[in-house]
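Visitor: I would like to look at this model with you and ask, label by label, how each term is justified.
Guide: Then let us place the structure in front of us and begin.

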Amino acid sequence: MTDIILIKTHRELTKLISTDEVEYKQNSDFLLRHVGDINETVLESMMGQTIDVEQITVSETDSFQWLDYPISVLGAINEERCFLRNTELPNVIQVNKSGEKEIQFSVYVGDVCVTDNNDVFVTDYIHKFISRLSYSGSVSPVFSTDPLQPAAVCQTKDGGLLVTLVDNMLDLYQPNSDSRRLVRHVTLTGDVIREYKYQEDGQTRLFTWPCSITQNSNTDICVINRTSNTTVELVILSFSGSLKCVYPEQNQRNELNLIDVVCDSYSNIIVSEINHSTVHLLSPAGEFMRYLLTENQVNGPTFMSLKKSTLWIADRHGLVKLFQYKP
């Protein structure tokens, strides 16, 4: 929005004032304050769709127990099935929402991505490959990431992939000047489009260990970045590569143990936090809006997946819950 359009919009909004009460409306990347009642149809015609964060609802619909170990990989195929792996079993499996195993794949994966076309890509960090799974149970290497090890993968809005890469999984938190910790934008066949490694000064690293990733519907890139055994942050980049924000504030990064991130159709950001058994709802700009779930609904949430209106959430005890998510 340009300054001229902003000023014009503000003038139009003043015409909608009717009382002295103050309310707030959330729209995409900023908060709009207005005085009194407002015609939401007029507001949306000028500024886009509005959303009341207090009216976002999450209700549990199903759950199943998968052994008793923390779930370390979760990728929903649709509202009925998902891929998962826990910390004790080497292979990823396909299960239905009742917890019944349907297919087992002979590959040890760090992450799984189900595209809009139902193609399934996984990170094989032992062999340094991005591989494709078929629903018949076969595993086909697609392209190599050698000498770097792939950690997380997600689909991009332009039909490609974003892959997080590190050069040494044994020395994650002590990068030196030669260490490589990055996000790579690639085609589905592995051709490199762009790499995200440094802030705009070309020297300050963006990542220490980028361990989870998704692209928001507004094209921003959201990365869970672990900086030590006890500190973790959510890094939000524009698709052009500029750093937009880091969540949470510096003084909270050793208190909140963020695990995974997904985004909804309104570009709201959903983050799982294991220490306090909470799921945070953030604005597209990375500002905390409210707790989406607390320890009453989830116990040590780890990995998540959002397909249409179904939010899958796994926990450190091997429990997978399905929630109806309505923004």
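The conversation below takes up strands, cis peptide bonds and positive phi values in this predicted model.

Visitor: What makes Ser-277 count as buried?
Guide: The relative accessibility of Ser-277 is 4%, and buried means under 20%, so Ser-277 falls within that class. Leaving aside neighbours within four places in sequence, Ser-277 is in contact with several residues, among them Leu-293, Val-298, Pro-301 and Arg-316.

Visitor: Where is Ser-277 placed, and what is notable about its phi?
Guide: Ser-277 sits in the loop between β21 and β22 (278–282), and its phi is positive, about 55°, although the residue is not a glycine. Most residues other than glycine have a negative phi.

Visitor: Why is Ser-267 called buried?
Guide: Ser-267 has a relative accessibility of 8%, and since the class requires a value under 20%, Ser-267 is buried by that criterion. The phi of Ser-267 is also positive, near 70°, in a residue other than glycine, and the loop that holds Ser-267 runs between β20 and β21 (269–273).

Visitor: How do you know which peptide bonds to call cis, and where are they?
Guide: One cis peptide bond joins Asp-146 and Pro-147, with omega about 15°, and Pro-147 belongs to the loop between β11 (139–144) and β12 (149–155). Another cis peptide bond joins Tyr-247 and Pro-248, where omega is about -5°, and Pro-248 belongs to the loop between β19 and β20 (258–263). As a general background, most peptide bonds are trans.

Visitor: Why are β16 and β19 said to stand at the edges?
Guide: The open sheet has four strands in the order β16-β17-β18-β19, with antiparallel pairing. Within it, β16 (209–215) and β19 (243–247) each have a single partner strand, so one side of each is left without a neighbour in the sheet. Neighbouring strands of this sheet are turned by 20° against each other on average, direction ignored.

Visitor: How do you know that β16 and β17 are paired?
Guide: Pairing requires at least two bridges between the strands, and six bridges join β16 to β17 (residues 221–226), so the criterion is met. The two strands run antiparallel, and one of the bridges sets Gln-215 against Ile-221 in β17. In general, strands of a sheet pair through backbone hydrogen bonds.

Visitor: What makes β5 mostly covered?
Guide: In β5 (residues 81–86), five of the six residues are buried, and each residue counted in this way has a relative accessibility under 20%.

Visitor: How do you know which strands pair with β5?
Guide: Five bridges join β4 (residues 71–76) to β5, and four bridges join β5 to β6 (residues 93–96); with at least two bridges needed for pairing, both β4 and β6 therefore qualify as partners of β5. The strands β4 and β5 run antiparallel, with Ile-71 opposite Asn-86, while β5 and β6 also run antiparallel, with Phe-83 bridged to Gln-94 in β6.

Visitor: How many residues lie between the strands of each hairpin?
Guide: The hairpin of β4 and β5 has four residues between its strands, whereas the hairpin from β5 to β6 passes through six residues.

Terms used:
Residues numbered from 1 in each chain as written. Predicted model: local features only at pLDDT ≥ 70, side-chain atom pairs only at ≥ 80, totals over all residues. Heavy atoms only, no water. Axes fitted to C-alpha atoms, helices over the stretch in contact; angles between N-to-C directions. Buried < 20%, exposed > 50% of the residue type's maximum accessible area, 1.4 Å probe, protein only. Contact = heavy atoms within 4.5 Å.
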